[in-house]
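This report looks at how the interior of one protein chain is packed and at one of its pockets.

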Amino acid sequence: MIYMHFESPPTPHFISAGEALYRRGDRHKKRSSIGVFDMLFVVSGRLYLMEENQHYIIDENQLLILSPDKIHQGYKLCDSETKFYWLHMGCAGSYYESEHLHPAKKIVNKSLFRDTMFYITLPKYIQLTEEKGKLLRSFIEPLLMFSINKYSNATEKFRTRLNPLQQQQHFLNILNLLNTDSKFSNAPDDLAAEIMQYMQNHYHTSFTMQDLARKFNFHPVHMIRCMKNSYHVTPIQALTTIRLEKGKKLLLTTAMSVQDISEAVGFSSCSYFIKQFKAAYHTTPSQFRQEIQSHF
């Protein structure tokens, strides 16, 4: 997934919004460097959009945000009647696109005398749930100022009931609904706890940091940082410790062989299990078992 990170303040701001009804066989016009972000949300039907060389299919309750400095156009005719909302927004600050959620050089220090920088992070292309789709429509509809109808080949302008400040308030509701940054930037301890719980439940299976990154939808560097801040270990170090503790318990409570125990707790080889066990407990698994049994 691609994310759009907006450095704030200043926050992105609302410019204009409208609805469009396309007939079967209509196509979105080609536009180049329009200077504003173009948010498209399909209410019904399907749009085929291309930005530079990237192709998108936007179905019902799907949203796409087009960048202000790129070429976009319809690459295929609509194959059914399609209704969608469009919203133009601006941003006086800097922004960048990334495959990673965690923005670089994030500043979180509070101050009484200067702005505190934060990021608003929006998904570039996303499928919304039915519930979120309805909520998004409720935020956009009061902002509608134009109606484009391909059947009549006309554009109608509405008289908005909202003053400019009210428009921005509605737009902030949209940003808050779509913003994904709050899911991680304000709760690194929660993320670390989720990672730790996942490893406690799945220690016996084989997975890598990349697998964890895909599972939690965070960049590995951010996950490692959260784990170090909360538990003072990396995820891999924590996983190794969990596996060793589980292995030690099996040595005490079962007659399983060292080979079988190493496989049961998720180690890729018995020799690696023995090596890690000795490094942690200064004895081999077999010696540990013998020492414990000698006391009984």
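The text below covers the nonpolar cores, two cysteines and the second largest pocket of a predicted model.

**Nonpolar cores**

The largest nonpolar core has 29 residues, and within it Leu87, Met89 and Ile174 touch the most other members. At least two residues of this core come from each of strands S1 (3-8), S2 (13-22), S4, S7 (62-66), S9 and S11 (118-123), and from each of helices H1 (130-140) and H2 (164-178). H2 supplies the largest share, five residues. Apart from neighbours within four places in sequence, Ile174 is in contact with Met39, Leu87, Leu136, Phe139, Ile140 and Leu143. A second core, separate from this one, has 28 residues, among them Tyr203, Phe216, Ala238 and Phe273. In soluble globular proteins, nonpolar side chains tend to be buried together.

**Cysteines**

The structure holds zero disulfides. Two of its cysteines are listed here.

| Residue | Relative accessible area | Class |
|---|---|---|
| Cys226 | 2% | buried |
| Cys270 | 15% | buried |

Cys270 counts as buried because its value of 15% is under the 20% cut-off.

**Second largest pocket**

The second largest pocket encloses about 250 Å³ of space. Its lining consists of 15 residues, and those nearest the centre are Tyr22, Lys29, Arg31, Ile148 and Lys150. Strands S4 (37-44), S9 (82-90), S13 (146-149) and S14 (154-157) are the elements that give two or more residues to this lining. S9 gives the most, three residues. By type, the lining has six nonpolar, five polar and four charged residues.

Methods. Residues numbered from 1 in each chain as written. Predicted model: local features only at pLDDT ≥ 70, side-chain atom pairs only at ≥ 80, totals over all residues. Heavy atoms only, no water. 1 Å grid on protein atoms, 1.4 Å probe; cavity = no way out; pocket = protein on both sides within 12 Å on 5 of 7 lines; lining within 4 Å. Points joined across faces, edges and corners; volume = space filled by probe spheres on them. Helix = DSSP H or I, 4+ residues; strand = E, 2+ residues; numbered from the N terminus. Nonpolar A, V, L, I, M, F, W, Y, C, P; charged D, E, K, R; others polar. Disulfide = S-S within 2.5 Å. Buried < 20%, exposed > 50% of the residue type's maximum accessible area, 1.4 Å probe, protein only. Core = buried A, V, L, I, M, F, W, Y, C linked by side-chain atoms within 4.5 Å. Contact = heavy atoms within 4.5 Å.
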